[in-house]
Amino acid sequence: MNEEKKTCFVIMPISDPSGYEEGPFLKVYQDVFSPAIEAAGYIPHRVDEDSKSSLIQTKIIKNLLEAPMAICDLSTRNPNVLFELGIRQAFNKPVVIVQQEGTERIFDVGCISCIDYDSQMGYRGVVKAREQIKTAIKATEGNNVNSIINELNIKPANITDTSLSDTSVSDDKRNQLLLYMLLNKVDQMNEDLQKIKSAYNANQRNASRQTLSRSLPKEQLETLAYIEARNRLYQEKNDKKIDEEKTLGEQLAELNKKK
């Protein structure tokens, strides 16, 4: 590892997803992510670049926990990528989230910023994405601006079990223990998100704000308010788009029905 530069771990699909041409995300990694990461002062690294003869799961977890910076590509909504992002978030490690334009937003991480890059990989789109990602990496250093842990105001995961540092414990046993701890923390985060969703759904059914105030702490109420505002904005945009697509006759008929 280069002593002058730190590693930026890239979390993204490795194999070719169904419906894509050969090697689409390798091109994204080489043409967009790597130059942006290097421009930000880091060394780009994907797990398939590691030539060490050890379990790939061990390599992934090690990078997720130890890399000072990471980029996560949510394109294709790959379950492995989402699981790895969950681990990174559970330990409150800095991460920049990106995805191809047109990728459907994921509700559970919709409250944190995401950079959309040009799926056609045109010259101008590549240059724009490089600059945006470089800027985002710089902005994320030491700030954890893309942190669900901070949004929910909960404590990050912390490896304190002495078994993990015990040299007499086998690598397989240590990995099993680590995965167990990680899954517990991800489950805890999911429970907190479900509480917010439930409160939001209750509010949609005309539950009073007073009731919500009793069931959620202030920080989670603020997150709920953000989600409500965001959903209203999306709904307004969708309604406007639908109205634009309707003919004049259809709109007049709807107005007559409302009278």
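How many aromatic pairs does a search of the whole structure find? Hi everyone, let me start with that one. The search turns up one aromatic pair. Before I show you where, please keep in mind that this is a predicted model.

The partners are F33 and Y117. Their ring centres sit 5.8 Å apart and the planes meet at 85 degrees, so this is an edge-to-face pair. What I like here is that the pair ties together distant parts of the chain: F33 belongs to helix α1, residues 24-39, while Y117 belongs to strand β5, residues 115-117, and the two positions lie 84 residues apart in sequence terms. Both F33 and Y117 are buried.

Let me zoom out for a moment. The protein chain has nine helices and five strands. Going along the sequence, the order is β-α-β-α-β-α-β-β-α-α-α-α-α-α. Of the 259 residues in the protein chain, 39% are buried. If you take the contacts with a separation of 6 or more, 67% of them are between residues 24 or more positions apart.

Now, the cores. In soluble globular proteins, nonpolar side chains tend to be buried together. Here, the largest nonpolar core contains 24 residues, and the ones with the most contacts inside it are F9, I11, C72, L74, L85 and V109. At least two residues of this core come from each of β1 (6-11), α2 (56-66), β3 (69-73) and α3 (79-90). Apart from that core there is another, with 23 residues, including C8, Y29, A36 and A129.

If you click on F9, you will find a long list of partners. Beyond its neighbours within four places in sequence, F9 contacts H45, R46, V47, I60, N63, L64, A67, M69, A70 and I71. R46 has another role in the picture too: R46 lies over the face of Y29, 5.1 Å from the ring centre.

On to A36, which sits in helix α1. A36 counts as buried, because its relative accessibility is 1%. Setting aside residues up to four places away in sequence, A36 touches R130, I133, K134 and I137. Its C-alpha is also 9.2 Å from that of V127, although the two are 91 residues apart along the chain.

That brings us to helix α4, residues 123-140. This helix has 18 residues and spans 26 Å from first C-alpha to last, close to the 26 Å expected at 1.5 Å a residue. Which residues of α4 are buried? They are G125, V126, A129, I133, A136, I137 and T140. These cover an arc of only 100 degrees around the axis, so they fall on the same side of α4. On the other side, Y123, R124 and K128 are exposed. And what do the buried residues of α4 pack against? The partners are α1, β2 (42-45), β3, β4 (96-100) and β5. Just after the helix, G142 adopts a positive phi of about 75 degrees.

One last stop, at I149, in helix α5, residues 148-152. I149 is buried, with a relative accessible area of 1%. From C-alpha to C-alpha, I149 and A90 are 6.9 Å apart in space, with their positions 59 residues apart in sequence.

So, to come back to where we began: one aromatic pair in the whole structure, with both F33 and Y117 buried. Thanks for listening, and I'm happy to go back to any of these views.

Note on methods. Residues are numbered from 1 along each chain as its sequence is written. This is a predicted model: local features need pLDDT of at least 70, side-chain atom pairs count only at pLDDT 80 or more; totals for chains, interfaces and linings use all residues. Side-chain values use heavy atoms; hydrogens and water are left out. A nonpolar core is a set of buried Ala, Val, Leu, Ile, Met, Phe, Trp, Tyr and Cys residues joined through side-chain atoms within 4.5 Å. Buried means under 20% relative accessible area, exposed over 50%, partly exposed in between (1.4 Å probe, protein chains only). Helices (H or I, at least four residues) and strands (E, at least two) are DSSP runs, numbered from the N terminus. Contact means heavy atoms within 4.5 Å. Rings of Phe, Tyr and Trp (its six-membered ring) pair if their centres lie within 6.5 Å; planes under 30 degrees apart count as stacked, over 60 as edge-to-face and the rest as tilted. A charge sits over a ring if NZ of Lys or CZ of Arg is within 6 Å of the ring centre and within 35 degrees of the ring normal. The expected span of a helix is 1.5 Å times one less than its number of residues. The arc is that of the directions from the helix axis to the C-beta atoms.
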